[in-house]
Amino acid sequence: MFPQFAIRQEASLPTLVHSAPFPRALLPRLERAWKSNPDAKSRRLPTRTLRQLVECVEPHVLAVSDDLEDPQWVRALQQPQNEIALQLALEAWITTKVAPHQPDVDWSLSIKAAMPLAWTCSDVDLLRHRTQPNGTAAPDEPVFALLASFLAGTWVDEKHSLPGQKRGCILGPVDARGKRSVYAWPPQELTHDGAYGLWTHYLTFQVTTMPHDGRILLLASPHIARFAGTPAGYIPRTSHKPAGATLFLHAPHGVLRGAERPALLSCPISVHGQMDRMTWSWDSGLATILPSLPTPHLYPDPNAVRAAPREHARLDEPSTPSGDTPSEPAALLLHATGYTYLPMEAENTEADTPSTPEGKRPRLVQHPAGTGYQPIDHLQLFEHLSGPLGDQHFEPLSWHPTLPGRRPPRLRPPAPTTEYHLELWRTSPRTEQAVHLVLTRKLGFEHTAPPPGDDQIHTYRGPCVIHLRVCDPGTLTSGLTRPAPALKKKDRQAFRKERAAERVAELGTAFPKAGPLTGCLVEIEKPGYFAAAGRDDPYRLLKQTLPGLHRHVQCLHPVNRTANAEAKKKSAQPYQDSDIRSDDIERVSAAIADILRSVGNLPELPPLPGLKAGVPYEVSTIWVGHEGKNIVPMLLRMHSLKGPTAQLIPTHSRPHEPEMPLEDLPEALTEGRGRIRRRDDHAALGDFLTQALALDSGTDRLFLARTQLLRDTQIWPWLQNGNITPDLLETPTASAAAHRTPSDLPGLRIARVCDDGTKLPLGFGVSELPAPQEESADSQDTTTEAPAASQDTDSPVDGYLWGRFSGVVPWNDRTFLCINPRPDTHQVNKALTKYSNQDKAATKKGANPNCLEVHASFLQDGDDASEFARYVQNLRRNHLHTDKATALPMLLHMGKLMAYYLN
């Protein structure tokens with residue numbers, strides 16, 4: 001079952017929509033100012049920043065276009081009573097992003113002269129759609145842009161609540177991708193293992209379509225939002241720029257005016273430092289707007305929110321204010337991956353001193369709330385939504401049959417005589433001890449001690465032969481000196497480049513280029529360690545430098561914790577009779593397996609469905625990496641008769657790129673090869689895609705086409721839902737034949753792969769309740785076709801049994817949804833529900849069954865589409881470095897891992 005909804009046939013939902021174009025008089029001046037901006041890195045105006053500013057300060061606006069020439073630049077269900085916020089957003093955007101080099105220009109006068117906006121009102125059917133020639137629904141643009149916001153607003157207006165919740169709901173922030181959410185409000189408090197935080201449920205509406213399905217689908221997905229309850233101790237950053245975070249603001253009396261739906265505003269902040277040295281500030285554009293707003297107090301000082309997060313959450317104030325006295329706005333830090341916080345006992349001392357009474361830095365803790373939901377939660381929400389969405393002309397999806405499960409093909413590893421060379425850069429003897437324990441006891445290798453000499457090379461024989469050299473890197477893995485904060489941006493960049501060049505030279509001297517390809521296990525501290533020391537993390541530098549020394553990199557945090565035999569958690573107990581913690585052994589084991597994968601320890605490719613024994617075959621794909629304004633397309637290929645290979649796209653500086661062994665790809669990436677402009681080189685990417693299809697080859701081959709980026713209108717529009725026609729190929733290049741059939745391209749198969757979980761429904765196993773035994777002696781099991789894959793049913797929900805499911809579900813003849821098995825580490829009782837309002841349930845982490853959509857787009861005569869969908873699903877488990885199924889099939893997963901070698 002996919003607990004989602006579809007629009008009823010012939011249904012309509014007429015709605016008044018207010019829209020206005022961008023001020024035409026401003027546009028030519030803005031384009032001239034942008035062209036003269038010395039910091040402009042693109043020919044296009046930075047309209048995304050403007051959209052974000054408008055969304056931060058104008059809650060009435062539901063959609064803002066990035067195209068300033070769009071006649072419906074802004075749209076709203078209610079016309080704003082005044083345009084103060086829009087004027088200020090425009091002024092801040094122009095003065096900080098478009099024309100900061102023109103401080104003498106009075107842009108405010110120009111903006112006021114171009115205002116007010118020319119608002120118009122039109123009657124729009126939010127359910128209107130047509131059907132493409134390939135049978136796919138084609139909703140009108142307002143359906144994608146506005147329907148989710150309309151449903152969310154109706155949910156709030158009609159005072160609906162989420163399952164099991166006595167709290168009401170408020171609107172979530174505007175989302176440029178057409179999504180809109182409703183949040184149960186106010187958030188709840190949660191304490192667990194010394195950590196304190198806030199959390200709440202929220203429901204997201206989003207419109208989507210499926211190939212060859214004439215229905216418009218509505219995804220109504222549950223999520224958990226987590227907020228800071230104690231001061232943040234560490235917020236990670238992903239570049240040399242300051243870290244970024246998001247504050248949610250809620251003003252019960254309205255942000256700019258009283259007559260507003262209760263809603264949240266999403267406002268970005270910049271984060272500097274960590275622990276007691278951490279400071280927060282509004283992003284530059286928003287900081288420019290705030291002093292001019294009629295109610296600037298509604299945007300509190302971010303630093304005050306940082307120091308007292310619970311106080312600013314306003315949990316003790318009513319969510320619906322009464323009387324004429326405005327309530328203070330609530331401000332909450334939205335939690336994201338990597339954030340850590342001060343424990344409750346350290347919260348009160350943080351403002352006065354960075355240390356605990358013992359003189360030690362307080363231990364940072366994770367957020368206590370767990371993410372994800374249980375199957376019962378999704379199904380309860382599905383039943384709960386049926387009534388309200390039925391009133392808006394939506395009907396629930398029917399059950400889908402499943403394909404019978406089969407055991408995946410057995411992995412075929414390389415020969416036991418295959419040799420791999422590894423290095424262990426360690427500063428702690430315990431890390432070396434843990435590596436030895438993993439190889440000898442956990443993985444079953446036989447150890448041969450090194451002979452006396454300078455090079456400590458250990459030999460381990462087992463499923464393969466490993467030559468391990470133990471090294472002490474000294475200070476080469478220490479943090480890099482940071483530039484002084486007072487320096488200008490260009491000076492800071494020059495300082496970092498100089499320090500990086502010095503470290504690169506030191507690495508090359510201490511570790512000359514290796515002969516055979518070597519996998520390098522590098523012991524390195526966590527990012528928080530370097531942040532606390534005021535130094536830059538060397539992780540990226542090592543990833544960028546060591547491939548040039550013929551070394552692949554796998555970083556490993558030090559093994560410095562002592563096991564406790566009396567610990568309640570098994571992870572903290574000793575591994576066998578050692579003093580190493582069990583979880584450290586698992587961590588080291590995963591690192592060893594991953595570095596072996598990087599240097600070529602890969603399984604053989606399983607044969608394509610329907611091929612006779614001995615027939616050669618191959619699987620290929622193109623992975624597109626991102627590096628700033630550039631993209632890095634890479635062709636990955638596995639052949640039944642030779643090892644995996646890779647090839648980068650030719651460029652102007654390197655017009656010929658030869659095919660190379662896959663293990664040589666990291667070195668080529670760190671040399672800067674294969675970069676093309678993301679927006680300007682669509683033709684080159686199209687040519688590269690066409691060559692990857694090998695149209696002149698007769699070899700049996702399968703090409704995996706990942707939809708992200710590739711189905712762009714300017715690259716390969718045939719991959720779009722509304723254009724893709726089975727067995728009628730339109731190649732990316734216009735010079736190729738317009739339509740190609742299987743008889744034109746013998747041996748070629750194409751499977752389109754989509755892993756965008758936000759646009760795919762979640763699937764669960766359900767079956768009918770068995771009939772009572774006394775009714776008929778001949779009564780047999782009346783469940784629906786139960787896949788031999790993983791379906792285990794449990795307690796009934798409204799007349800059917802439910803449970804987790806893994807396997808392949810056909811959506812139609814060519815479209816399949818593939819679901820991975822539940823991880824073995826997920827051991828939560830299926831009967832536990834997050835909607836129970838119990839603290840114990842809130843701390844558990846759910847395992848959502850995210851789907852992978854596989855579309856059998858181009859097959860040869862006699863091929864079975866379902867068998868190829870199974871084949872792609874099995875490639876998600878065709879790994880030697882992990883026993884867990886990955887989100888992407890094997891080749892695409894390896895392409896994803898190459899992102900670590902991009903700058």
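**Local features of the predicted model**

Aspartate 839 is partly exposed, because its relative accessible area of 45% lies between the limits of 20% for buried and 50% for exposed residues. The structure is a predicted model. Aspartate 839 belongs to helix α19, which covers residues 839-842. Apart from neighbours within four places in sequence, the contacts of aspartate 839 are with Glu189 and Leu190. Proline 173 is 666 residues away from aspartate 839 along the chain, and the C-alpha atoms of the two are separated by 27 Å.

Helix α2 spans residues 47-57, and eight of its eleven residues are buried, so the helix is largely enclosed by the rest of the structure. The buried set consists of Thr47, Leu50, Arg51, Leu53, Val54, Glu55, Cys56 and Val57. These buried residues pack against two strands, β3 (61-64) and β15, and against two helices, α3 (84-98) and α6 (284-289).

Strand β15, one of the elements against which α2 packs, comprises residues 264-272 and pairs with β16 in the antiparallel sense over four bridges. Within this pairing, valine 271 stands opposite tryptophan 280 of β16. The two strands form a hairpin with six residues between them. In the turn, glycine 273 has a positive phi of about 75 degrees. Side chains alternate along β16, which covers residues 279-282. Trp280 and Trp282 point to one face and are buried, whereas Thr279 and Ser281 point to the other face and are not buried. Tryptophan 280 is thus both the residue opposite valine 271 and one of the buried residues of β16.

Elsewhere in the chain, six strands form an open sheet in the order β21-β22-β23-β20-β25-β27, and their pairing is mixed. The edges are formed by β21 (446-448) and β27 (551-556), each of which pairs on one side only. On average, neighbouring strands of the sheet are turned by 25 degrees against each other, direction ignored. Within the sheet, β20 (residues 419-425) and β25 (residues 518-523) run parallel and are joined by five bridges. Leucine 424 has leucine 521 in β25 as its bridge partner.

Helix α15, formed by residues 582-598, lies across four strands of this sheet, namely β20, β23 (465-471), β25 and β27. The helix runs at about 165 degrees to β27, which is an edge strand of the sheet.

How values were computed. Residues numbered from 1 in each chain as written. Predicted model: local features only at pLDDT ≥ 70, side-chain atom pairs only at ≥ 80, totals over all residues. Heavy atoms only, no water. Buried < 20%, exposed > 50% of the residue type's maximum accessible area, 1.4 Å probe, protein only. Pairing = 2+ DSSP bridges. Contact = heavy atoms within 4.5 Å. Axes fitted to C-alpha atoms, helices over the stretch in contact; angles between N-to-C directions.
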